[in-house]
Structure formats: structure tokens, C-alpha cells
Amino acid sequence: MQRLMRDQPSLCGRALLLHHKERGVERVAFASPAARRIGIRSGMTLAAAVALEGSVLRQPSIRAHDAEALRALGESLLKFGPMFQSDGVEGLWLDASAAHLWGSEMAWAQAVGTACEGLQFRFVVGSERFTTQALAKSRVQGAVVGPRGDGRLAAVSLEALEEGWLGAQEAQPFRALGLSTLGELAGLSPGALVSRFGTIGRLASRLARGEDESLLVADPLPATLEETVQLDWPAEQLEPVLFALKRAVDRISGRLQGRQQAAVRLRITLMLDAAEAVRVRLLLSRPMSERRLLLELLRHRLTDLTVEHPIVAITLKVEEHCPAPAHQRTFGEREDGGAALDVVLSRLQSTLGEEALFTAQPQPRHRPEASWSKARFSPPEAGPAASFEMDFKKSKAAKPAASWPRRKSKGEVAPTLDDETMGTRPSRLFQAPCFINSQMDAAGALVAMDVAGRRRRVEAIQGPERVTGEWWSRGYARDYYRVQLEGVGSVWVFRDGRDGLFYAQGVFD
Amino acid sequence: MYAELVCRSNYSFLTGASHPEELVARAHALGMEAIALTDDDGLYGTVKAHLAAKEKGLRMIIGARLTLEAPLGGQVVLCVESAAGYANLCELLTTSRLRHPKGEAGVPLGEIADRAEGLQLLIPKIPHSAQSLAPLCEAFPGRVSVGIARTLEAKDTHRFQRARAFAEKHRFPLFAHNDVHTHQRDRQPLQDVLTAIRRGTTVDRAGTLLFSNAERTLKGPAEMLALFSDLPEALERTMQVASACRFSLDDLRYEFSREALPQGSTPQTYLASLVHNGLGRRYPVGIPPEVTQQIERELRLIEELGYAGYFLSMWDLVAFARRRGILCQGRGSAANSAVCYALEITSIDPVRMGLLFERFLSKDRNEPPDIDVDFEHQRREEVIQYVYAKHGRSHAAMVSEHVCFRSRLAVREVGKALGLSLDTLDRLAKHVDFNEEASTETALRAGLSIADPTVVKVLALARQLSGMPRHLSIHVGGFVISDNRVSSIVPIENGSMKHRTVVQWDKDDLSAVNILKVDLLGLGMLTVLSRTFRLIEKTTGQKFSMATVPPEDSAVYDMLCEGDAIGVFQVESRAQLSMLPRLRPRSFYDLVIEVAIIRPGPIVGQMVHPYLRRRSGEEPVVFPSEAVREILGRTLGVPLFQEQAMRLAMVAAGFSAGEADRLRRALSHKRADQLLPTFRERFVGGAIARGYHRDFAEGCFDSFKGFSHYGFPESHAASFALIVYVSAWLKRYYPAAFCAALLDAQPMGFYAVHTLVEDARRHGVEVRPVSADASGWESRLEIDGTSLEAYSSHPSEGHPVRQPALRLGFELVRGLQESSVRKIEEARRSGPFRTVGELAQRTRISRADLTRLALSGALPCPDRRTALWDIHALGPLDPHDLFFGLPMAEDRSELPQMSRLERVTLDYDATQLSLEAHPVALIRPALQRGKAVTAEALLAMADGTPARMGGLVIVRQRPPTARGFTFLSVEDETGIANFVIEPKHFLQFRQEITMSPLLLGEGRIERRSKVVNLKIQRLSAIALSEQAS
């Protein structure tokens, strides 16, 4: 919520809620103070919240993004300590071993706070992880505590044991015994607790007394591969940009190869002098990490690019990568393999747009224009020894990510396509139906149609096939005919039930 | 011409989208000659279609789609030509269903071939393994047809080619059909929704699982001729098949099962001898002549109609129950029969009560008699299994119930199919009232926008879906018993309950085709009475039965006049508790009226207030003639019972007995508005002709209209009144035993166990908590070292006998296993338990059950937390462990003490009640600070006084007859108060009323004699917290 408010200051003071899905039900995860004032609370269903106030602003809360943002914050705070550990999506432990450089723990903590750029937070500096977390969560602000929490843990609620330590289920027996604070738990004999609850009892007893042996475990750094190169001066020509790009590609390539990874999708961000950015994406036709090839492809993408201001920096980010495919080169095969094809595909993408390259995937839908979908185009694998046909078969077998089936709910039966229907469809289907001027006789029979500026006589007609449906959204009702048009061939047309006009949908070869 | 031969109704569950009646009506409107109903693996909708077709004059062909056994799969349609064919079809469907779990079916080809006689075989769609059908077809020489459907789909041509190739190869004729799923095209959206529900998906994800168009619908002859202009012979074939299928359900022959008779007896003579023996027992001092007369009249009619076997079967069932010591009693219109009384099927003397026999059985009425018998609900299964054992599964089956979508479920299912989010759906469904249709009002109440097209579609489709059959269930107690095989009359299938088989028709269908059913019903109160009698005998040695309970005890009536009737059969509801002090019953017949008057019929007919005014002397009772006085005298001139309407029609307007019964049925018909004008004219005309004033005649007839709503016949009310009296007598004199029996019979009645226990305590019963050392599974009575004499003084002295203490049973402990309780009882024989460890060691019950006992306070421990602490110390509780259950030696740790609120809350969680305090007592200080009074204080307040009262909501009611008023029964530590909420306030405080267990009500007192209500103006939820106390 704080991040959102910081990014979009216009949201401040407005009723806003973040929601997430919990066992199939959308629930409120966080509510802004304005939303809380009208009765919206965390945990209530989204429908109930909207029923309370229809105009409340809604944003999905994605835990993973929040955690990522928190880790980014942790990374940004690394100048205050050698490592950090994130605590869910609500808190961070920072290694305070360098606090003496700021004069005192308190001064260090305040400096950390300043670096958080306006985010609201509470901090506790202590020797044990559990103690610091429990006190911070129990609304203690700005404390530096000694060993065992200086006795301040006694009043802390038993809830402190749950998240990340025991879990709600393990803590339940303590609640059933009427224990509500850590102090009450600490008052019980450790031996009695161990004999009853085993390791859980021991851990609970120790934590309640402020004895936490757990170590700070540094969060691993993000796996994002990104390199930024600042240009020495704003560049107006391609050459210095390519020079900087080469540095970035060298580093990225090295890192990829070191990890035995290959890039699948890249993004170049060109920071312009006018504080603008131009982003160019490059979807590789096959995973690769070879610097020469990568640079070649990137060069091709940038060659056709026109920017309005000088470029000041360039960021190369590997948006998607995968384990590098092992490929045994054959005798005489060059290191860059099918570079020529990759270059062609890259140029096609540059010229026609990224979306222009796709494979049509059949979809089990009755509406003809919805009966196929775009899937990622997978060209044949490189290698002079492999025939195109063989590779094409392989690429068909590989399931493109875009067409992976959605996870089915329990008991759900997936629709399928049947060959009998597929056999009646034209070999060339238009992306969308197009109006076609037609002429009918007195009996309402179709006699001619205008194609390519000429009136064509209907030589034969077959149909209708009636297709109706999707009444829940944009319903349709069509009578399809296969029409043999003079001088054109066989065309698939339909008469729309709503306006009575004819539209062409495809052509039979 | 054309007849549709392949047609699914909504009895092809979640597939067809039209009612059978809709299909018939549409077929008639389209000018078809005939229509076949061919639902999947059943004849569920056949009777409804048959009745509708009869009404329209359309010929209905009986048929079904049979699923072929795997691995062949696919379906064929069989249509019935003759009675033999019908029996064969029923047997095939029975075989198919009984061999598979509920909801599944499959029959081998060989069995179809064996039962081919009298059936037409239609192959609507050629399966992939078409050649395997060839041997089956040989069993139907000249009676095989191959179907072609032109539903304007891409596959039409391909399917047609396959069908034609198969037909030409085997020289079978082709027939045209539409594979009908809807009666008209605009029902297709609902059919799509049903498909999505059946397939567990949403309509937008269903894709090609849905039909590609709406052409699977009924089409008229002209449209079919246009579609099949190239194949007129395919249309002609439909007519040939239709003309061959002449069987109608009117030709169905059914005979009730014959009992084993003594040598030389016929059913009639045996029945007569049993009746005469029974009369000797019923009238030990001599049979009154009017009884003899009535018996002779009834026996004559029974002989004439051939129902002797039916009465003998009922007698046999009741005799079996009595042999087993199962309490039972006939109810309903059977109590009008002196024969039933003599056979001890019913307990009310119809002659002494002046009940009308024609209400039960009439020659003019083409309807079988209906004998319903109540048995102790916990032992009814014994009687059911007796029926199966005696007649066999092929000759006896239970009646089914066609469970239909109700508004709420319809909204839920349609919403899911249209992809509404679960939370939105939940909210919308929760705001659909039980007995109302989903409407835009509903959406507004749920806070949803009615401009949202999805919401609008959900509401519209839910309205269509509401009332459509969803699945088959088992009727509460109906049985079909037949002399010939039931499975040759109606298909039988497995019920959802183990060891139950059910017929595919519901009770209305059976009645429509004159098939007798017997109703073996379970009645919780009979279980209570039986157990109370046993407890009394055990603790006092006195034996009582329903027949020996002292009649007309004034102390019992005094109690009822005070509205003190919680737990008493039928008169414990909020409305009845309010009525008792106003009606002030002083005799058995008053109880008959009390039972009958709070029903929708008398309420809507506006009979309640005139009756009360006349009873209290505020209004004179005038009769236009002596004959009318004889009929209406007992109800002070107000016709409260259907029998009175019938008698008035006969005496005052000259109706015959049959006409009078037709009037009764017209009154309760769903189209009463259309049927009644003719009867009204006849009644008013007849009454005037007999010298009655027009105002009287019209007034009488108008009050009859109330009978179109639910009401009790007098005989039924009398049967129930007997149970009312006996249960009230037991509550009055043996409240401890009565309460114990009520607790053991739960769930039943209106009230939760805490209310029943609170009521018993208010009646001086000492209630003791669940205890490992004293409790059994069921609640029991405890006598503390005093002689039995003290407890067994006879109640006729006018005051209750000394009450034993009531020890609560383990069954109240939530989740506790009965097997664990048996172990505790076994271990307890060797002495009381001293510690938790000892109990664990001696009983070896699970930790979960030990914990449940600890939480309920049943363990030998000073407090519950210590008990839990001790249980945790017992180690792993492994029965094979040498040290199982041995506690370890250690210093006792101090656990926080439980507050009173915590104890009471835990009591409710663990045992549904608290003996320590009423929850409202805990927040009394806060209530007092808010100037709220107790329920007891409320009773003493004057009419019109403003008042506040807070308590636990124990009953919420919004009866359809109350014009939107809502009634709450609110309990506190002193008693129960009534809140009356006007519709506008209901809307204002709907959330609080439906969601909050504790409410604070504010309003004005409404007092009518001893009936006090708080008419609510404001409601608020109360939180149960330490702060509040």
C-alpha cells in the first residue's frame, strides 16, 4: 500500500484497497486509512467491500511483487550493512554490525529510515532475530534492546510466535491452555513444556524468554540479469551506442555463460537526454548466449531505430532465460550456427512488429475467428545437418508457452475439436470477417457478390451451417455458405443474423 | 406429417432444458401428431408428459435412451409399442441402473435383445463401432430405424453419410429427428448453462462442449419438410413408428401386494375378521351401534374398490412395529377411518370425533387411499428393512423425490457457469430468500449493480432454472409395494443411501397413475415419548403408554394456557406459544383446533381472529340452521377444517360426497382461481335453494379459499393433538425425563439444546454436567440415594412428582466418538477415575477424544486447562507403549485461570450449552447500563411502553403468510421474549437480523392479554466480550 501511494501520490487520501485471492475468493488484503474509515477491513470479501462503497479503488495485491519490492528495498539498504533478510512482505532484518560507523545503533537505524524515502516503518535493534521481530510487530517504535529483550517480551502477544516461527497450528495448544502472552509462556517450566510439546515446546520456551539462536540468513540476490552502461556523453550516432552495447553484451554474455544459462528474451532500454526512455525488446528465435550473435541481433534491432533525443545510457536486461541447450557442433559447423535465419527473423520482427511472427493454434471454439489463437513461432533448430522437415516436426511437437492449457478445476472437462468440423473449414481464414456486397434474387437466393471491385456470379452454393452462441458476451448468429464464385473460386461467406448482410470469412484453396 | 421421436426433457438431468409439459405443449402448438419422450436411462418425466399430453389431446409415446454398456458405449432409443414392451423397457432400465452406482447406467446389448418384444429400436446416431449393433438389430425384425438429424452443423453431412451407409447396408429405414434438448430456441442459453454445470466449467470456457447453434429443438412438420425435402420417407417413417407405439400409461395395470391369508380366507374376509377382533379391544364394554354402522359402510366400500390387501399390509406393518416395541401412530386422513382405528393403525376414534370418512376414501374419487404411519424416527429403518425383507427388492421400492433447483441454488449454479466470482456469487445467493425468486431486488440488496449485464443474465437464467429437476432423492417414507414386479411398472434404481432402492417416479406421479404407496414416516416426538416412558419406568417403576396417560388433566391445560410449551409437540413454535394464552385450551378438542389453526390455510382464510373473538365471547356465535350447527358447532361457526367445507357443501348446498371431494381438491389445486368460480356458483346456488341467506353462503365459500393454502384435515389434527397432549403431560409431570428424551432425540423441534435445558431448569430440574464418572452416551436420570417411592408418587395429585436429576450425556460433546464412550463406561465399572492419566490408561481412548472431554469439563480434574496440561503430559498415547498414559512427575505449573466468559464460551463450543451461566447474564451489566430489561421484566410491562431488551436469538421466522413481518425469539437468563419486526425495519436491519447471534432490540410493548411482544424500531448487534461484562 505504501509503495503504491509513493508511486502514485494522487492516491493519497482516497479509499483504496488491495485484494488477493484466498481459496478461490477475492479478499481485501490491505485497506487505506480512508477505506478503513468507511468500514472496509482486511480479510473481508471484495464483494462485501464493494457493496459498502462502490467507488472504492481496487488494486490486486500480488505477494510475490511485494516480496520482490521488499527485497529490492533490502538490496538498496546494503550500504548500511553487509546483508539483509526479508521477513515475509512486512519487514526486514538488516545486519547492524556496521552500526558503530554511525556512532550508535539508534543513529544507524535512523539513517536507515532516512534512506527508506518516506516509507513509514518501525525499527528495533536487538541481538536476537525473534526478539527484534516480536517487539517491532508489537508496535514498539525505535527501540534498542539488550539480550533477552530486556524483559520487554513479557507483554508481547503469543501471536508473535506464529508467523515464521511455530505456525498457527503449533501455537494453538498454548492458546488452548489460556496463554496469551510470551510472559505467561515463559513462566511455565521449560522442562514441563519440553516433556509435553517436544521440540516445539523447547523452541517456544526459549523464544518466549528471548533466547534465539537462529542466525541471520542473507537473502540471495535477485536472479535478474541486467547491465546498465552510462555513455560518456549523449550519443547522436549509432556507433558509440553500439560500443556501449558491446560492453553490456560482453558482461551479460559472460554472466549467462557462467551460470550455464541462455537468453530467451532481451530488453534494451535507451535512456534519452530528455529523461525519456525507449525500450526495445528482442525475442530470440532460440536460446543463446554467444556474444557475437547477440550483438549482431541487437545491432540489427537498433539499426532501424529512430530516436528523437541523444542517448545517455543503455540498459540491457535479460527478461527471460533458460538453461543453455547443449549442442554438439558437426564438422565444419560455425559457432554461430543458424545465425542467418535468426537475423532474418529478427529483421522480420523489426519490420513487421514483434507480434507479426506467430504460429496459429487451433482453439475449441465455434466462432470461426476465435477458433484459432496466436502462439509463439518456433523456428527449426539450427544446424546444417538437420533437414528443415525434421526440425519442423520437432518444433510442432514442442508446446509453445502461449498455448499451454490453463489449470483445470476439479471435475472440469476440457472442450475438444473434432476432425469432422475441422474438415469443413477453409484453408485460409480471414483474421476478421469482411463485408461483401451481394445480390440476391426475388426468392432471397444469393446470385452474385462483389469481389476485388468486380461483380462475380455465384456458380454454386452449399449450406447453410448455422453458428450461434456466446450470448453471455457479444452474441452472434450466422448462416455460413460455401459459395463458388465465378473467376474467384470457393469462398466461405456468412449471412449475419443481426443485420442480414453477407460477410466473407475465408477462402478454400 | 411428422412425429418427434428423440426428445430429452429436463429429466435427462442437466442436459435437457425444457419441462416435459413444455415439450408437449409446444409439440401440440406446432401441430405434431405425436411426441416421444426419450430421456436418458429413465422414465422420470413420463407421467408428467402423459398427463400434459392427455390434457392437450396429443399422443405421447413412451420411450427412453439406453446407454450401452462399455466398451461399446453410445446410446439407442427404445419406444414402447405395447404393455409387454413397456414392462421390458422398465426391466431394462432397472437392470441398467441397479448394476451401476447412483447416477450411472449401462446395459449389455444381449439383454436388450432378450427383451425386444413390444419395443421399437431407434438408432439416433451411428456409433463408431456401428457393426457391433447389427446382432442387436436382428432381435427387432422390422422394428429398427436409423436416425438422421439436420441440426445445421458442419458435421451434418458426415453424420448423414454414415447413417445412410449403415441403413443401406442392413436395409433399415431412415427416420428424421432433431435430437431435441429444448422446446424452443430461446431456451438454448439455459441448455448451455446446464452443459457448463454438468461439465464443471463456465460457458465461456466450454467452447465446443456447447452446441454450435440452437437447432436441437422442436420443429413443426412444415419446417421439417423443408429440411428433409430430399428425404420425405424419413419423415414418413416417424409416423409409422408413432402409429406402432400405441401403449399409454392409462393401460398400466397395478395390483397391491397380497398378504399371506389364513386357509379359506379372502383378503376381504380376513380384513373383516381382524376389524371385528380389533373392535373388541377398542370397545371392551360394547361396540356402539353407530360404530358398527360405520365399519360396515367402510368395509363395503373397501371391498367394492378392492383395497382390502392395502389395509392388511398396513395392519401388518403396524403389528410388526408393536411386536418390536416401536411406537407408531397413523396420521393424516387415515384417522377418518373406523377400520384403521379398529386395526390400531390410528389412535383417534373417528366416530366419537365425528370425522368424515369421505375425506379418506370415496367411490367418486378416482384416487387411492393414503395411509401415513409415523414411527419413532430412530427406529424407522427397522420397519423399512422389514418391508424389503418381506416383499423382496423386486416387489417393493421406495418412492423417489425429484429434487429441483430452488432459487438460491439456481443463482449459485448459474452464477458459477457464467463466471461470477465466488465472493460475488456468495453474496448474491445469500440474499435470495428461501421462497422468493431471484430478482433485481435481490441484486440491489446484495449491493450489486443491476446495470451489470452478467448479473442480469444470471438472475434471468436462474429464474428459468428454478424448479427444474436436478437429481433424484428418496421420499421421506413412501413405499411402493406391488403384487407383480415393481420393476415392470416403473424402473427402479439405487438410492443414495445404502440398502435403499427407489422407483423413478415421485409421489404425485404414482398417484396420477393410481399406484398405491404407503408412507412410513419418522417422527422425532414418538422417539421422545417412547424414551420418556422408558426413563419413567426405569426411575419410578411406573409404566405408561400413549393409551394410559391420564386424559384431560387440568394441570396440563393450565400449563399450556400459560404458553409454557417448549419441547411440546407442534405447539412449541413462536406462533403457537403466542396463540396458547389467547386460545386457552381446556379440552382435547381445543388442542385439535390449536394444532390446526396456526397453519397458512386458516391464517390466509382469515379464520383465526373470528374464532378467537367468538371463543372469548366478543362476538356472538350464530348458526343459520341446526344442520350447520352440527357441522360448525365445535369450531364456533368458523370452518377451520377441509372436512367442514366438504360437509357444508353436502348439507347446506346439496353436493354429493364425490362432488364435495372434488371441491376440496379444487381448493388445493394450483389453478384454484380458475376452478373455483364454477363451484362457487354451485355452492351459493345450492345453499340459497335450501333456504340459506346469500351472505352466509358467500361468506362460507370465501373462507374456504384459505384451504388453497396448507392446512390440516381434522383427522390429522386430531392424531397430532393426541401427541400434543401426551407430550405436554410428560413435560408437566416428568420434566427431567422428558428433557432427557428430547436431548437424545436431537436434532428435532424448534429449539437448540441450551434452550431445552434452560427450560427444564426453570421447571425445577437439577441438570448435572457431562462427567466421565457419571455420564452415558445418552442423557440419563440420577436418583441420589433416595428410595424410588419419593419419585413415583402419582401425578394425579395435581402437582409434579419429585424429579430426579438430569445428567447430560456424552452425545452432547461435539465430535466425541461413541466407541470411546463405551470404553469409558466399561472401564468405569472397576471404580471411579481419580486422574486424567488413570482415565487414559484404563480407557485407552484417543488424545483427540481426551481433549474433547477436557474441553467439556468432563474429566476428573479441577479445571479444564489443567486437564489439557495433564493430557499433554501423557506422552504419545501409544496403546502398545509400556508407559502408556502414565504422567511424569514434576512441579505443577501455574496456568492462567479461565474467566467466566471463557468458561461459558467454551461450554457452548464443546457441548452447545452452559450450566454455569447464560451468555446474556455475562453482559447483563452492560445491558443494564444501556437500560435494557430482562425478558421476565418485559412480560410485566404495559402496552405501548417503550422498552429495550437484549438476548440470544434462538428462532428467526419470516413466514410467507405474515406479509413480510419477521419474528425473533430472543432468550436471556430469565426467559424468552418475542421481537416483531415490520418489513421496513427488516430491510433496515437485515444484516443484524440474519447474521448476529446476540441482538439488542428497541421498540414498544404490544400486549394482548398474556401475549407480550416487543415491536422493534431499532436493532443492534451485541458483542460478547469481557468489556461488555
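**Exercise 1. The lining of the largest cavity**

Which helices of chain B each supply at least two residues of the lining of the largest cavity?

*Solution.* A word before we start: this is a predicted model.

Step 1. Begin with the cavities themselves: the structure holds 3 of 30 Å³ or more, and the largest has a volume of about 90 Å³.

Step 2. List the residues around the largest cavity. Its lining is made of B:Ile566, B:Lys731, B:Pro735, B:Phe738, B:Cys739, B:Leu742, B:Leu756, B:Asp759, B:Ala760 and B:His763.

Step 3. Match these residues to helices. At least two lining residues come from α34 (735-744) of chain B, and at least two from α35 (753-762) of chain B. The largest share, 4 residues, belongs to α34(B).

Step 4. Sort the lining by class: 7 residues are nonpolar, 1 is polar and 2 are charged.

**Exercise 2. The contact between the chains**

Find out how many residues each chain brings to the contact, and describe the area buried there.

*Solution.* Step 1. Count the residues: chain A gives 45 and chain B gives 45.

Step 2. Turn to area. Chain B and chain A bury about 3,800 Å² between them, and carbon and sulfur atoms carry 61% of it.

Step 3. Look for the residues of chain B that lose the most area to chain A. They are B:Thr208, B:Asp423 and B:His872, which together make up 16% of what that side buries.

**Exercise 3. Polar links and the side of chain B**

Locate the salt bridge between chain B and chain A, then describe the side of chain B that touches chain A.

*Solution.* Step 1. Across this interface, the rule finds 1 salt bridge. Its partners are B:Glu215 and A:Arg466, whose closest N and O atoms are 2.9 Å apart.

Step 2. Add the polar contacts: 11 residue pairs are counted between chain B and chain A, with both residues at pLDDT 80 or more.

Step 3. Now see which helices of chain B take part. At least two residues each come from α7 (188-199), α8 (203-206), α18 (422-430), α20 (453-465) and α39 (864-872).

Step 4. Finish with the classes. On the side of chain B that touches chain A, 20 residues are nonpolar, 11 are polar and 14 are charged.

**Exercise 4. Backbone details**

Where does B:Pro747 lie, and in which strand is A:Pro464 placed?

*Solution.* Step 1. Take chain B. The peptide bond from B:Gln746 to B:Pro747 is cis, with omega near 0°. B:Pro747 sits in the loop between α34 and α35 of chain B.

Step 2. Go to chain A. Here a cis peptide bond joins A:Gly463 and A:Pro464, with omega about 5°. A:Pro464 belongs to strand β17 (residues 454-469) of chain A.

Step 3. Stay in chain A for one more detail. A:Arg23 is not a glycine, yet its phi is positive, about 50°. You will find A:Arg23 in the loop between β1 (16-22) and β2 (25-31) of chain A.

Terms used. Residues numbered from 1 in each chain as written. Chains lettered and ligands numbered in written order. Predicted model: local features only at pLDDT ≥ 70, side-chain atom pairs only at ≥ 80, totals over all residues. Heavy atoms only, no water. Contact = heavy atoms within 4.5 Å. Buried area = accessible area lost by both parts, 1.4 Å probe. Salt bridge = Lys/Arg side-chain N within 4 Å of Asp/Glu carboxyl O. Polar contact = N/O pair within 3.5 Å; in protein donor to acceptor, adjacent residues only side chain to side chain. Nonpolar A, V, L, I, M, F, W, Y, C, P; charged D, E, K, R; others polar. 1 Å grid on protein atoms, 1.4 Å probe; cavity = no way out; pocket = protein on both sides within 12 Å on 5 of 7 lines; lining within 4 Å. Points joined across faces, edges and corners; volume = space filled by probe spheres on them.
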